[in-house]
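Open the model in your viewer and keep the selection panel at hand. This tour goes from stop to stop, saying what to select and what is there.

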Protein chains: 2
Amino acid sequence: MKTGPDIALIAALVGDPARANMLTALMGGKALSAGELAAEAGVSLQTASSHLAKLESGGLLAVEKQGRHRYFRLTGPDIAVMLESMMGLAARVGHVRTRPGPKDPALRQARVCYDHLAGDTGVRLLDSLLRRRLLRSTTGTLALTKGGEEFAAAFGIDLPALERSRRPLCRTCLDWSVRRPHLAGAMGAALLDRVAELGWVRRERNSRAVLFTAAGLRHFERQFPLK
Amino acid sequence: MKTGPDIALIAALVGDPARANMLTALMGGKALSAGELAAEAGVSLQTASSHLAKLESGGLLAVEKQGRHRYFRLTGPDIAVMLESMMGLAARVGHVRTRPGPKDPALRQARVCYDHLAGDTGVRLLDSLLRRRLLRSTTGTLALTKGGEEFAAAFGIDLPALERSRRPLCRTCLDWSVRRPHLAGAMGAALLDRVAELGWVRRERNSRAVLFTAAGLRHFERQFPLK
DNA sequence: CCAATGCTTCGACGAGCATCGAAGCATTCT
DNA sequence: AGAATGCTTCGATGCTCGTCGAAGCATTGG
């Protein structure tokens, strides 16, 4: 027996198609009930219950009771980061599930990665912030500059509240569709929240896709220029 | 059926303990023969052969025939990056395989992550390069500065050769033991090569651990100071 | 208090798969 | 050529685990 973290254990949890579907669904960031997850995975309620129990005891999912419902969510953003990285690898080695429906282009353009923006738009967001020197990378992790802090405040983000959370403020996350990094962390989540609050986007029901309104996209591109 | 990359497929490949052990062994960077991998995984030769066939057809391993031997290696550094990120997650949720033998502290201090340095020392290396402004991050990915290029040349690294490879020069990789990034990519690999060439370290046989010699550690700390 | 809803537990079935013995194929060594 | 080494293929075995029907438990609503 070897030493070190047991990756087989958690890989096996993700390795079942039903569980993988559930986890993917939860990358939308919202907590979902057992019934919703069963439908998402395409299995019966009993089967889903068994899977969810395993995911929970494996530390991948946390559960919250609300009345007669039980809502499940990923235990942390790092789970989402790992799942995205697995998607990137799966895409590279050619394991893409066929049927590229109408949703697929939308997902590549803009989607939710747990709680922040991913896809072309997410990558563009990070590029813009770096190019305008609102973000910089000191020790391999991102940090807001002085200008970045001012920008955040002006954009309507409550920085002190974010800093009170134990979560890293800025983090990169490798995008599976673009294979370039986008902005994650508390700041990434806050930016998506704010963009939604401003009405620039609407969430597709039961999907990770994020649809920009025509006006919203204009505002977004003006607010986050590439040059 | 959903669309998108099929993470269940590759997760299932990693999900078997025997295969996970093989993959972990291959993170040492060296190509290993089927027999060596069988021993590493603790299974018979026939079983190993079956596993290796699956890993190969799944796109995780590449094989190279040499005489009557078949040497397997990871198909790319991104596989190692994914495995390290899974280790980080497994460590966080508490799935560490017990028996923290004498190897364990050594692994945390310095180990090989496919082809570059990880552990405390690897993290320190990245920190030092950033603090001395030999590296900087422009669009979320790392890049050498002018000073960094001069440093590389002075340290005995053939930059033009590295740039000829299609591989990204500098990349970060999240460290499972420290949970902070270290330097990966072609540059990370070249630095480890050079450090080995200089005789500062010796590789533990059949292990990912990297042991610094006393003199080597002094040289290393002088070459990569933290302030 | 009874009915309805949401979910879990129990039990049984079945398929998939990891495992290894034995035989077969390829390569190298003498 | 014959023997030895390294690995794969075949076949059989056994076990794990995903699956769902039926029953049970908890919560909410009338």
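Select Gln46(A) and DNA strand D in this predicted model. An N or O atom in the Gln46(A) side chain sits 2.4 Å from a base nitrogen of the strand.

Add Thr47(A). One of its polar side-chain atoms is 2.9 Å from a phosphate oxygen of DNA strand D. Then pick His51(A). Here a side-chain N or O atom lies 2.6 Å from a phosphate oxygen of DNA strand D.

Now show the elements behind this surface. Those giving two or more residues to it are helix H2 (17–26) and helix H4 (45–57) of chain A, plus H3, H4 and E4 of chain B. H4(A) provides the largest share, four residues.

Next, select the 20 residues around DNA strand D. Gln46(A), His51(A), Lys54(A), Ser49(B) and Arg70(B) come nearest. Color the surface by class: ten residues are polar, six charged and four nonpolar. Turn to the DNA side. Of the strand D atoms within 4 Å of the protein, 65% belong to sugar or phosphate, and the rest belong to bases.

Last stop: helix H3 of chain B, residues 34–41. Which of its residues are buried? Select Leu37(B), Ala38(B) and Ala41(B). They lie on the same side of H3(B), because they cover an arc of only 105° around the axis. Show what covers them: helix H2 (17–26), strand E2 (32–33), helix H4 (45–57) and strand E4 (69–74) of chain B are included. Finish on Gly42(B), just after H3(B), where phi is positive at about 75°.

Note on methods
Residues are numbered from 1 along each chain as its sequence is written. Chains are lettered from A and ligands numbered from 1 in the order in which they are written. This is a predicted model: local features need pLDDT of at least 70, side-chain atom pairs count only at pLDDT 80 or more; totals for chains, interfaces and linings use all residues. Side-chain values use heavy atoms; hydrogens and water are left out. Buried means under 20% relative accessible area, exposed over 50%, partly exposed in between (1.4 Å probe, protein chains only). The arc is that of the directions from the helix axis to the C-beta atoms. Contact means heavy atoms within 4.5 Å. A residue is near a molecule or strand if one of its heavy atoms lies within 4 Å of it. A polar contact is a pair of N or O atoms within 3.5 Å; within protein, one must be able to donate a hydrogen and the other to accept it, and residues adjacent in sequence count only if both atoms are side-chain atoms. Ala, Val, Leu, Ile, Met, Phe, Trp, Tyr, Cys and Pro count as nonpolar, Asp, Glu, Lys and Arg as charged, and the others, Gly among them, as polar.
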